[in-house]
Each structure stands twice: as structure tokens, then as C-alpha cells.
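Open your viewer and get ready to click along. Each stop tells you what to select and what you will find there.

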Protein chains: 2
Amino acid sequence: MELLEARIARDGVVLDGDILKVGSFLNQQLDVDFLMRLGEEIAGLYHAEHVTKILTIEASGIAIAVAAASYLHVPVVFAKKSRSANQSAEVYSARVASFTHKNTYEATVAREYLCAADRILIIDDFLATGEAIEGLLSLVRQAGAVCVGCAVAIEKGFQHGGDALRQKGIRVESLALIDAMSADGIVYRR
Amino acid sequence: MELLEARIARDGVVLDGDILKVGSFLNQQLDVDFLMRLGEEIAGLYHAEHVTKILTIEASGIAIAVAAASYLHVPVVFAKKSRSANQSAEVYSARVASFTHKNTYEATVAREYLCAADRILIIDDFLATGEAIEGLLSLVRQAGAVCVGCAVAIEKGFQHGGDALRQKGIRVESLALIDAMSADGIVYRR
């Protein structure tokens, strides 16, 4: 999606440690008019899939999920991150290792918000090693629901989480798919 | 706002401990079409105030802030909650006591995302004792910006945080303002 690549070229900053800083429009500061356009793009990609619900994870996935949901006219459910082992009868729960924060957390969703009849679209802002999305997929499976696919704003292709998901037959759509990046520039996969 | 009161009557659940559970449409599960209508209402209330930015706090404030921002066409900045004392030169920071979670956290925003020229609208899903909004107001003051007011979906008037803010001259708009609630019903302030 050229819109996002152009914005990354203008406002993104590549930092050491494979970090792409996009906090001025996609993370701590959210350019909502721009996000709505990304959401519209995602909605178009999954328009035919009869999505009943979007699943994301707090906090930075919520905004882009809401943007897409406003075009698909479906609810958003966001998994909570809890460091305590929050295993109870009332929640679906998956352990997720965070590459960014070098820790592990439980992603949980109250059982009442996912059901076997759901056709779930998973959305997040970033896809790198894929741990968060694997956790969300586990929640979908626990509910007996169908995952129609995933959509992310930025995929770090060089961390291979997206390819691992595709090899399992899961549809993954990335609005910007980065194959390599450094302070000298970014190479997108075409 | 009758729309929200009607939805609370249909889907809200009053629990012990002054808890109003609205997780099926306003918290863990977000009815985005409904949230967009709340956002439109908030945008209408602050339309004349030349808002340059909306400030909220992760995670549950983000969705309604994005909804309002999509009508006001301004960015959203969300404060992060960190348990560590994250005082550094790069962030504005305020200590917030959480009534709900019985703990204390630091609300932080990178300095680059708030500036003295900003006219800030503070948005959150709930206003009870007002601690979170007081923390956000502190961040606005640290940046030297102007707060044009606050907007929340649900104010628990019986916890008096909103009235304390109003007594300081801060404009507070609540789409549903609850003066009393129990399993028998909810009394709204008119």
C-alpha cells in the first residue's frame, strides 16, 4: 500500500535493534484520519469474508482495529495483557512471548465475547516474529471460531512471523511489508 | 445522551463494589458503530473549541478517542501506563492512583507529542474519582498546552471526580451521568 510506505518514508525512523519508530502517526500519537484510510483498505481486502468480529490486542492494535471495524460494521474485541496467570473458567488465555519487551504475558479474552459462530479477522499494528498473532489465533481456536485471516499495518518480513503464518495456510495481509531496513533505507517486498 | 442510557439499560450490568459492567459494548468488546455515534456526539460538543489534539490513556480510552477524532479530524495521543518510575527527560509523567485496580501507575507521554500550542480535549470511557483525568491534566500542564475540556462516556457522579473538576473551572461533558446505581436500577443526573 503506497499510502503507508510514503508515510513511513516521511515520518518513520529506523533505530538500532530492528526497531521502526512510527510513534508520531501509528502508535503513541495516532493520525486518525490516516488510520481511517488504512482501516478502509483492510475492510476492502476482507469485504467478501463475512467477518463477524475483529480481534486485536491492547493497546496499540485497538486504533487500527476500530478504524477497520468502522468500515466492516462489526465489533472489535481486544485481548488484555496480564502478567499474572489469569487462567480461569471465564477467559480464553494464551501465553505470548514479547520480542519487543523481552517478557512474557497472558493474552486473555472473556469467553462471552468469542463464540463458535464467529468469523474472526485478526488485526494488529505490527507483525514481526508473529508471537502476538499466534496467541490471538490460539484464542480463536479455543472459542471454536474461524479465523478468516490477519491484517497488519506493518510487517517486518525479515523477522519471518508472517511467512510462518502463511505457510500454515493463514491469510496474512500487510499494508507495508518490509524485507530489509537500516538507517540507509527500507526495502519493501513486492 | 439518551442513546447511551438506553444501551446501558439494555446491556450494562451493575455489580457489587460500584462497578458498572459495560464490557459487551464499551470495553473489552467494542460496538464500533455505536462508539462512532458517541464520538460524533463528543465532536459536536467541542466543535467550536478549535481542538488540535485528543489526549486519552491506554487501553480502554483509545477506542472512543479515535471515534471522536475521526469527526474532529485531529490526532489522538494516548498516555501509557507504566508501573516503573519512568521519569526521564523525554516524557511528561504523572502518578495516578487507580481506584479500580487498587494500585498506582505512571501515566507518560513522549514530550514530542504534546506542545504549548496545543488545545487538548481529554477523553476517557469512564470518569469516577477523576484520578486518571487529573493525571492527564497534569501532562497537559507540563507541556504548557491548553485543556479545552474533558469528555467521557460514563461518569459515576456519586464518586464526585467530575464535580471536583467542574469546581476547578474545567469543562466536563459526560454522555451518561449516573448519580446512583444498584441492582434495582440507575438514576441519572438531569
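**Stop 1: a helix in chain B**

Select B:G144, the residue that follows helix 4 of chain B and has a positive phi, near 75°. Keep in mind as you look around that this is a predicted model.

Now step back to helix 4 itself, residues 131-142 of chain B. Its twelve residues reach 17 Å from the first C-alpha to the last, close to the 16 Å expected at 1.5 Å a residue. Which residues of this helix are buried? Color B:A132, B:I133, B:G135, B:L136, B:L137, B:L139 and B:V140 to see them.

**Stop 2: into the core**

Stay with B:L139 and show its surroundings. Leaving aside residues up to four places away in sequence, B:L139 touches B:L55, B:A79, B:Y92, B:A94, B:A107, B:V109 and B:L114. The largest nonpolar core has 131 residues, and B:L139 is one of those that touch the most other members. The others in that group are A:V66, A:A68, A:L136, B:V66, B:A68 and B:L136.

**Stop 3: a loop in chain B**

Next, select B:Q159, in the loop between strand 9 (146-156) and helix 5 (161-167) of chain B. Is B:Q159 buried or partly exposed? It counts as partly exposed, because it has 17 C-beta neighbours inside 10 Å, while a buried residue would need 20 or more. Not counting residues up to four places away in sequence, B:Q159 touches B:A128 and B:T129. Add B:D18 to your selection: it is 141 residues from B:Q159 along the chain, yet their C-alpha atoms are separated by 9.2 Å.

**Stop 4: where the chains meet**

Show both chains. Here 24 residues of chain A are in contact with 25 residues of chain B. On the chain A side, the elements giving two or more residues are strand 3 (29-30), helix 2 (32-45), helix 3 (61-72), strand 5 (76-82) and strand 7 (103-110). Helix 3 of chain A provides the largest share, five residues. By type, the chain A side divides into 15 nonpolar, five polar and four charged residues.

Zoom in on strand 3 of chain A, which two bridges join to strand 5 of chain B in an antiparallel arrangement. There, A:Q29 stands opposite B:V77.

**Stop 5: the axis**

Finally, superpose the chains. A turn of 180° with a shift of 0.0 Å along the axis lays chain A on chain B with an RMSD of 0.0 Å. The two copies are therefore related as by a two-fold rotation axis. To find the axis from chain A, select A:A59, whose C-alpha is the nearest in that chain, 2.6 Å away. The copies meet through the same surface, because 100% of the interface residues of chain A are also interface residues in chain B.

Note on methods: Residues are numbered from 1 along each chain as its sequence is written. Chains are lettered from A and ligands numbered from 1 in the order in which they are written. This is a predicted model: local features need pLDDT of at least 70, side-chain atom pairs count only at pLDDT 80 or more; totals for chains, interfaces and linings use all residues. Two residues are in contact if their C-beta atoms, placed from the backbone, lie within 7 Å. Helices (H or I, at least four residues) and strands (E, at least two) are DSSP runs, numbered from the N terminus. Ala, Val, Leu, Ile, Met, Phe, Trp, Tyr, Cys and Pro count as nonpolar, Asp, Glu, Lys and Arg as charged, and the others, Gly among them, as polar. Two strands pair if DSSP finds at least two bridges between them. Copies are superposed by least squares on the C-alpha atoms of residues with pLDDT of at least 70 in both. The expected span of a helix is 1.5 Å times one less than its number of residues. A residue is buried if 20 or more other C-beta atoms lie within 10 Å of its own, exposed if 12 or fewer, and partly exposed in between; C-beta atoms are placed from the backbone. A nonpolar core is a set of buried Ala, Val, Leu, Ile, Met, Phe, Trp, Tyr and Cys residues joined through C-beta atoms within 7 Å.
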